[in-house]
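This report looks at how the inside of a protein chain is packed and where its charged side chains pair up. Please keep the structure open while reading.

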Amino acid sequence: MNIFENYLLKIYKLIKDNKDILQLKNLDNLKDINLEVPPEHFNYDLSTNVSLILSKANKINPIDLSNKIKELLLKEINHFEKIEVAGPGFLNIKLSKEGMVSNINNILKDKESYGSKKSDGIFNIEFVSANPTGPMHVGHCRGAIFGDVLSNLLMFNGNKVVKEYYINDYGNQIRNFVESVFLRIREIKFKEKFISKEGLYPGNYIKDIAQNILKKNKDIQTDNFEKSFHELKILSLENSMQLIKSDLKQLGIIHDKFFSESEIVSKDLVNKTVKQLQIKNVVEEGFLEPPKGEPAKNWKKIKRLIFKSTLFGDDTDRALQKNDGSWTYFANDVAYHSDKINRKFKNLINVLGADHTGYIKRISAAVSAISDKKVKLICKVCQLVKLYKNGKPFKMSKRAGDFISVQDLLNEVDKDFIRFMMLNRSNDVELDFDFDKVKEKTKDNPVYYVQYAFARINSIIRTLNMSLDDKIVLSLNSFSPNKYEEKILRKIFEWPKVIESASNKFEPHKIPFYLYELSTLFHSYWSKGNEDSQYRFIENGKAKKNDSLSIIYLIAIVIKNGMNILGVSLPNKM
């Protein structure tokens, strides 16, 4: 249920039916008309640019057109009580009591779906995709939560979403990881000192993996690394992925599919994809120019297969082969995205870390080439998270090695606080995460403030011996909201707009922002009741006003829907 959408359709119809009266010959830009929330100081419920859009296209005075449209709207739409012509031709609209009550009852009736805009898209969202060489660290945490909440948001709108994790289990970093486990096994079995050399993983969690492997595989080969590599790789990756899946589960995240890079190699997907691109004449043998900043004399010109990504908006063409003729990481990634396209996904979203910004153009170009520009890849980059405790940067875990693990984070604060706060700023800016602030029980802690609003609402409902599952209907005769309730209602009506914007722009951070603002309005109203008895919700154990009770239910509906999308719990008592 979306009042903006519903009324906009009515305005479209009214304009079309009365175009001769309004002297409109050109309606080509009718879809540019919008219906928004007006600035607070106007004290109106809706605002539209209809006159500005149509007057420009038809070369009519916008004020004259505004007055004509105003008359028609007031005559034909009984939900509109008052309309003001503002500025260069905006129409600010105040809803009638009948309009207010009708919209409120519609929300109370369809509470679980309120705010959703039904869609039938099919999305593949790849997120986290941390190298399987140990537990997750904080650098992965923000992208993990972003991807999960974005998935929830799109599913709330009725889309089908596959949450996918790409296991990068092929290459030198995996060999170094397996060798680290091998050396820890020998350290445990033969008391050999762990050899510390470049590329190996020194964290004590490697000891845990080694001990677990030994415990379950007493006869494993430990004399020769090369001979034991294949078996040890399988066991090491299995243990590492168990750590990662455990971290994700504790954050409330469960993926639908895990795709292995080794599968690309075993199924020869790179060769198959490259051949397809050669048929399209976008891959050819050639020579690359030296990278920017590198002297030409130091650049070794080697003939190799090159993807002509500049044809698809990239800054330069990209090598698919290394100097030794083996496939580049990019080639494997192209094959992986080709597999996604072959799985019939029309919408691909990759959630990337801060260090992958420069990678976006080339992989977007590859998707465009493979799909003949029919599939669009959206890349969302999550910037760094800086952790603070006691006013100082939070130190790294000794067990992890050289990074702060997700487990360190979970040991400090609850997953609800982590999920909410990781979305408390837009993904494309750095985030400061202060352990002390997320433990405060004040307005400065947004997740607490939203949860506390819901708990307060539950305390009212308990006092009235009611339940938030009760079906209630607001009567037109009893509807008389005060100025605080009108402000809250406008915020509640805005919820579908927030969902629409967050979905269309893939910006889930807009949801916690909105929930905090709504909760602030509720807490302020609650405080007003403590100061002045006329604003109290309950009197002599009963609801003072039915419309106030309805508004409390509306707040609970929106907070519940929003927090479900965020994957954050809502305690009934605090």
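The text below deals with the nonpolar cores and then with the salt bridges. The model is a predicted one.

**Nonpolar cores**

The largest nonpolar core holds 123 residues. Within this core, I15, I418, F433 and W495 have the most contacts. The element that gives the most to this core is helix α19, which spans residues 546-566 and supplies 13 residues. Apart from this core there is a second, separate one of 32 residues, with Y336, L352, L377 and V381 among them.

W495 can serve as an example of the packing. Leaving aside residues up to four places away in sequence, W495 touches Y114, G115, I511, Y514, L515, V558, N561, G562 and I565.

**Salt bridges**

The count of salt bridges in the model comes to 31. Three of these pairs are listed here with the separation of their closest N and O atoms.

| Pair | Closest N and O atoms |
|---|---|
| E36 and K497 | 3.4 Å |
| K491 and E517 | 2.6 Å |
| K545 and D547 | 3.8 Å |

The pair of E36 and K497 links distant parts of the chain, with the two positions 461 residues apart in numbering. E36 lies in strand β1 (residues 35-36), and K497 lies in helix α17 (residues 483-504). How exposed are the two partners? E36 has a relative accessible area of 34%, so it counts as partly exposed. K497 has a relative accessible area of 19%; buried means under 20%, and therefore K497 counts as buried.

The salt bridge of K491 with E517 also links distant parts of the chain, which here are 26 residues apart. K491 belongs to helix α17, and E517 belongs to helix α18 (residues 510-531). K491 is buried, because its relative accessible area is 13%. E517, at 39% relative accessibility, is partly exposed.

In the salt bridge of K545 with D547, which partner is buried? D547 is the buried residue, with a relative accessible area of 0%. K545 has 26% relative accessibility and so counts as partly exposed.

Salt bridges can also be joined to one another. E5, K117 and E500 are linked in such a network.

**Summary**

The packing includes a largest core of 123 residues and a separate core of 32 residues. Among the charged pairs, E36 with K497 joins strand β1 to helix α17, and K491 with E517 joins helix α17 to helix α18.

Definitions and conventions
Residues numbered from 1 in each chain as written. Predicted model: local features only at pLDDT ≥ 70, side-chain atom pairs only at ≥ 80, totals over all residues. Heavy atoms only, no water. Core = buried A, V, L, I, M, F, W, Y, C linked by side-chain atoms within 4.5 Å. Buried < 20%, exposed > 50% of the residue type's maximum accessible area, 1.4 Å probe, protein only. Helix = DSSP H or I, 4+ residues; strand = E, 2+ residues; numbered from the N terminus. Contact = heavy atoms within 4.5 Å. Salt bridge = Lys/Arg side-chain N within 4 Å of Asp/Glu carboxyl O.
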